[in-house]
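Reader: Please take one part of this model and walk me through it closely, strand by strand, and then place that part in its surroundings. I would rather have one connected account than a list of separate remarks.

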Amino acid sequence: MSQNDLLNITCASINDASEHMSRLLRARRPNYSLPQALYNDPTLFRIDMEEIFQKEWLFVGMSSEIPKKGDYFTVEIGQNPVLVVRDAEGKIGAFHNTCRHRGSRLCSAQRGKVANLVCPYHQWTYDLKGNLLFAGTEMGKAFEMKEHGLKRAHCKTAGGFIFVCLATEPPDSDMDAFLATLDEYMAPYDVENTKLAVESHMYEKANWKLVIENNRECYHCAASHPELLNSLLEWDDVQDPRAPQSFIDYYNAQAAEWDKQGIPHRHQSFGLRNRIVRMPLKEGTKVMTIDGGVGCNKLMGRFTSYYQGSMRILHLPNSWNHMQSDHFIVFRVLPISAQETMVTTKWFVHKDAVEGVDYDPERLRQVWDATNDQDRILGEENQRGINSVGYQPGPYSETYEFGVINFIDWYCETVMKNLDR
């Protein structure tokens, strides 16, 4: 069989998978969970990676993780290694982490600091803007250095959040409006003067959509998350149809205090994809620690009070976040395979806070370590059940699971839009 024959078979297989995906999405029943194949089929998982994770804006990390020139971190988006680095001018950029010589990864460490980017294979060397500086005389006099710089990935930053997009052309969307609001709402935190205190990486044997679905509802919280509910009020925001008047009154009282301090808090939504809202924690609770007490002795940014609730930031397809007065927590979801996902959690504190004096990493992470593991078990059991020949899509509650409905609607609309391009 010739290479052309193999290529034709591959292309036909991809086209068949895309058509199958389209048929499933068009035929799906509104407000019901997805057909089984969209949660466990490796071929349709490839479509997810191509149409969502290789075309949409993804959260990858925070600017304070790379505070100085030459600081970098790496991230794996499916089979696409990506390098995020701060250049000599202080600007943050993203590159495909692959050498222009023979494709080796340039940086294999999770994070580090470099003067230049040097490929460990044959020592091709690039500056922090991706320009090729050295390729050796072996390449010959006709070799054009300028034609072999690193390939950039699209990169945007706002409020300390770093987003990348692997598409040749990033999608038209309301992303810029979201980023402008994110800048405004994150200003009180002064993210550039924070630091990464601790992080975790949790491997979950479940499809990435099940991880997000689980996060988008608190229907399961009372039975599964005792540590979390020590501090968290389970209502999504004042628009939550379950929210009682007592909660709305409590929110309004807290909102009046935030207004006095000039702290942004009003619900802001940008389609189904992006949302920001500040919600109070349980009365008397300062932050999301096991007892609701202080997590770090140094407040962040311009906060003068611990009672700032939790500012919740949603960015589909891969992030949710809780921003508080003395520390904040960011979550990043990246698929590994049709039934495997990596969930990364990071805790940030004021850059001058001293570990063991101002904060205890174990105390910071106690609530969310427990919650993440509880959610892992729920997700893995969900996956096992969906894999059964007895599975069929089931109904979502429009009251308790409206957030899941919004996510699934966004996912289906986005895949269909990208497949039709």
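Author: Two strands are taken as paired if DSSP finds at least two bridges between them. With that in mind, and remembering that this is a predicted model, one can begin with strand S9 and strand S10 (residues 161-165), which run antiparallel and are joined by five bridges. One of these pairings sets Cys155 against Val164, its bridge partner in S10. The two strands form a hairpin with two residues between them, and in its turn Gly159 has a positive phi of about 60°.

From S9 the pairing can be followed to another strand. Strand S9 (residues 152-158) also pairs with strand S4 (residues 92-96), again in the antiparallel sense, over two bridges. Here Ala94 is the residue that stands opposite Ala153 in S9. S4 in turn is joined to S3 by five bridges, and these strands too run antiparallel, with Leu83 standing opposite Phe95 in S4. The hairpin of S3 and S4 has five residues between the strands, and within this hairpin Gly90 takes a positive phi near 85°.

Strand S3 (residues 80-86) deserves a pause, as six of its seven residues are buried and the strand is mostly covered. Its pairing with strand S2 (residues 71-77) is antiparallel and extends over six bridges, and within that pairing Phe73 stands opposite Val84 in S3. The hairpin of S2 and S3 has two residues between the strands, and Gly78 takes a positive phi near 65° there. As general background, strands of a sheet pair through backbone hydrogen bonds, either parallel or antiparallel. In a regular strand, moreover, the side chains alternate between the two faces of the sheet.

Val84 gives a way of seeing what surrounds S3. When neighbours within four places in sequence are left aside, the residues in contact with Val84 are Val60, Ile66, Asp71, Tyr72, Phe73, Ile92, Gly93, Ala94 and Ile162. Two residues already met in the pairings, Phe73 and Ala94, are thus among the contacts of Val84.

Val84 also leads outward from the strands. The largest nonpolar core has 73 residues, and Val84 is listed with Met21, Ile77, Trp208 and Tyr411 as having the most contacts inside it. Helix H9 (residues 402-419) supplies the largest share of this core, ten residues. Both domain 1 (57-165) and domain 2 (192-387) give residues to the core, so it lies between them. A second, separate core of 38 residues includes Ala167, Trp258, Leu299 and Val330.

A smaller sheet can be described beside the strands above. This sheet is open, with three strands in the order S6-S7-S8 and antiparallel pairing. Strand S6 (117-118) and strand S8 (132-134) stand at its edges, and each has a single partner strand, so one side of each is left without a neighbour in the sheet. Strand S7 (residues 125-126) pairs with S8 over two bridges in the antiparallel sense, and Thr125 has Phe134 in S8 as its bridge partner.

These strands can be set against the recorded boundaries. An unreviewed UniProt entry lists residues 57-164 as "domain: Rieske". Over that range the chain is 0% helix and 42% strand, and the C-alpha atoms at its two ends are 6 Å apart. The domain assignment, for its part, gives 57-165 for domain 1 and 192-387 for domain 2. The centres of domain 1 and domain 2, taken over C-alpha atoms, are separated by 31 Å, and 18 residues of domain 1 are in contact with 23 residues of domain 2.

Arg273 is a useful last stop on the way out from domain 1. Arg273 is placed in the loop between strand S12 (268-270) and strand S13 (274-279), and at 6% relative accessibility this arginine counts as buried. Its side chain makes a polar contact of 2.8 Å with the side chain of Glu56, and the side chain of Arg273 also reaches the backbone oxygen of Leu316 at 2.5 Å. Apart from neighbours within four places in sequence, Arg273 is in contact with Glu56, Trp57, Leu314, His315, Leu316, Pro317 and Trp410.

Key
Residues are numbered from 1 along each chain as its sequence is written. This is a predicted model: local features need pLDDT of at least 70, side-chain atom pairs count only at pLDDT 80 or more; totals for chains, interfaces and linings use all residues. Side-chain values use heavy atoms; hydrogens and water are left out. A nonpolar core is a set of buried Ala, Val, Leu, Ile, Met, Phe, Trp, Tyr and Cys residues joined through side-chain atoms within 4.5 Å. Buried means under 20% relative accessible area, exposed over 50%, partly exposed in between (1.4 Å probe, protein chains only). Helices (H or I, at least four residues) and strands (E, at least two) are DSSP runs, numbered from the N terminus. Domain bounds come from an automatic or database domain assignment. Contact means heavy atoms within 4.5 Å. A polar contact is a pair of N or O atoms within 3.5 Å; within protein, one must be able to donate a hydrogen and the other to accept it, and residues adjacent in sequence count only if both atoms are side-chain atoms. UniProt positions are given in the numbering used here, feature names are shortened, and annotations may be inferred rather than shown by experiment.
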